[in-house]
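Please open the structure in your viewer and keep the selection tool at hand. The tour goes from one residue outward to the elements around it.

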Amino acid sequence: MRRSWAEQVMGMPISVLARGEQARSAVVEDAVRDMYAELVEVDRIFSPYKPDSSVSRLARGEVGWDGVEPLVRDVAERCTAARALTGGLFDADVPGGCWDPSGLVKGWAVERAGERLRAVAGVDWCLNAGGDVLVLCAGDEDFTIGIQDPQDPTRVVASLARNGGAVATSGTSARGAHVYDPRTGTEVATRWLSVSVSGPSVEYADVLATAAFVAGDGWPEVLTVLPGYEGLGVLADGNLFSTVGWGVV
């Protein structure tokens with residue numbers, strides 16, 4: 001038995017698929033409702049596009065770090081740790097002097113929201129947030145995750161079977177040239193159209209995908225900073241390159 005939901009939250013489509021005998025139960029419905037409510041609250045706090053968000057108020061100097069929610073300070077610490085982990089390839093301090101944690105917030109928020117789903121026993125979940133996927137399985141049946149062709153969003157260039165964990169992708173296909181290189185303060189210039197990263201955590205898969213895309217040809221080495229993370233890169237000519245453990249469950 002299956003049931004699915006989809007809503008637009010945090011400026012992107014977020015869909016959930018429940019699989020199992022309890023997929024249509026009230027407890028599942030409640031968990032999904034709570035999950036979406038948590039993501040809406042994260043958007044209220046962290047959206048750089050909402051003028052009354054904590055991130056926007058920080059940017060305008062209306063509040064200091066002591067005047068924001070504890071969640072904001074937690075995310076700031078995570079961003080600092082991500083910068084150190086990636087050797088500066090990921091950085092929430094963007095050109096112009098603003099602090100924009102968006103590159104970490106999505107994965108972090110999805111990981112947190114996934115705990116609402118994990119609490120429901122006996123149900124398999126696949127949570128897709130704008131192409132970043134979190135899989136939570138109670139059983140032993142895999143979900144198949146498709147990797148979108150960065151040159152044709154109607155196609156997939158590869159698929160990955162997963163019984164748990166996450167896949168995140170960074171590139172220019174969805175939003176154009178929006179990823180910047182913290183080392184130069186300019187847009188990333190690379191022959192890679194996208195880099196997808198699989199691993200235990202969607203928060204770290206997302207961070208590492210961004211850092212790997214920034215790294216260009218050196219992206220496979222970026223993934224070695226944490227155990228259990230593998231990658232697939234798509235070149236502009238359509239060729240693919242994967243790390244050794246990419247397809248290994």
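## Start at Arg19

Select Arg19 and show everything around it: leaving aside neighbours within four places in sequence, Arg19 is in contact with Met1, Arg2, Gly122, Val123, Asp124, Cys137, Glu141, Asp142 and Phe143. Keep in mind that this is a predicted model. Arg19 belongs to strand 2, which covers residues 12-19. Is Arg19 buried or exposed? Its relative accessibility is 6%, and because buried means under 20%, Arg19 counts as buried. Now display the side chain of Arg19 together with the backbone of Asp142: the side chain reaches the backbone oxygen of Asp142 at 3.3 Å.

## Across to strand 3

Next, select strand 2 and strand 3, which pair in the antiparallel sense over six bridges. To see one position in this pairing, pick Leu17, which stands opposite Cys126 in strand 3. Strand 3 takes in residues 124-129 and is mostly covered, with five of its six residues buried.

## The hairpin

Add strand 4, residues 132-136, which pairs with strand 3 in the antiparallel sense over five bridges. Two positions are worth labelling here. Asn128 stands opposite Val133 in strand 4, and Ala129 has Asp132 as its bridge partner. Strand 3 and strand 4 form a hairpin with two residues between them. In the turn, select Gly130, which has a positive phi of about 60°.

## The whole sheet

Now zoom out. How many strands form the open sheet? There are eight, in the order 1-2-3-4-7-10-11-12, with antiparallel pairing. Colour strand 1 (2-9) and strand 12 (240-242) to mark the edges; each of these pairs on one side only. Neighbouring strands of this sheet are turned by 10° against each other on average, direction ignored.

## Helices across the strands

Select helix 1, residues 26-46, which lies across strand 1, strand 2 and strand 3 and runs at about 15° to strand 1. Then select helix 4, residues 102-118, which lies across strand 2, strand 3 and strand 4 and runs at about 25° to strand 4.

## The cores

Within helix 4, show Leu117. Not counting residues up to four places away in sequence, Leu117 touches Val16, Ala31, Val32, Met35, Trp125, Leu127 and Leu136. The largest nonpolar core has 65 residues, and those with the most contacts inside it are Val16, Phe46, Trp99, Leu117 and Trp125. As a last stop, select Val135, Leu160, Val167 and Leu232, which are included in a second, separate core of 11 residues.

Note on methods
Residues numbered from 1 in each chain as written. Predicted model: local features only at pLDDT ≥ 70, side-chain atom pairs only at ≥ 80, totals over all residues. Heavy atoms only, no water. Helix = DSSP H or I, 4+ residues; strand = E, 2+ residues; numbered from the N terminus. Buried < 20%, exposed > 50% of the residue type's maximum accessible area, 1.4 Å probe, protein only. Polar contact = N/O pair within 3.5 Å; in protein donor to acceptor, adjacent residues only side chain to side chain. Contact = heavy atoms within 4.5 Å. Pairing = 2+ DSSP bridges. Core = buried A, V, L, I, M, F, W, Y, C linked by side-chain atoms within 4.5 Å. Axes fitted to C-alpha atoms, helices over the stretch in contact; angles between N-to-C directions.
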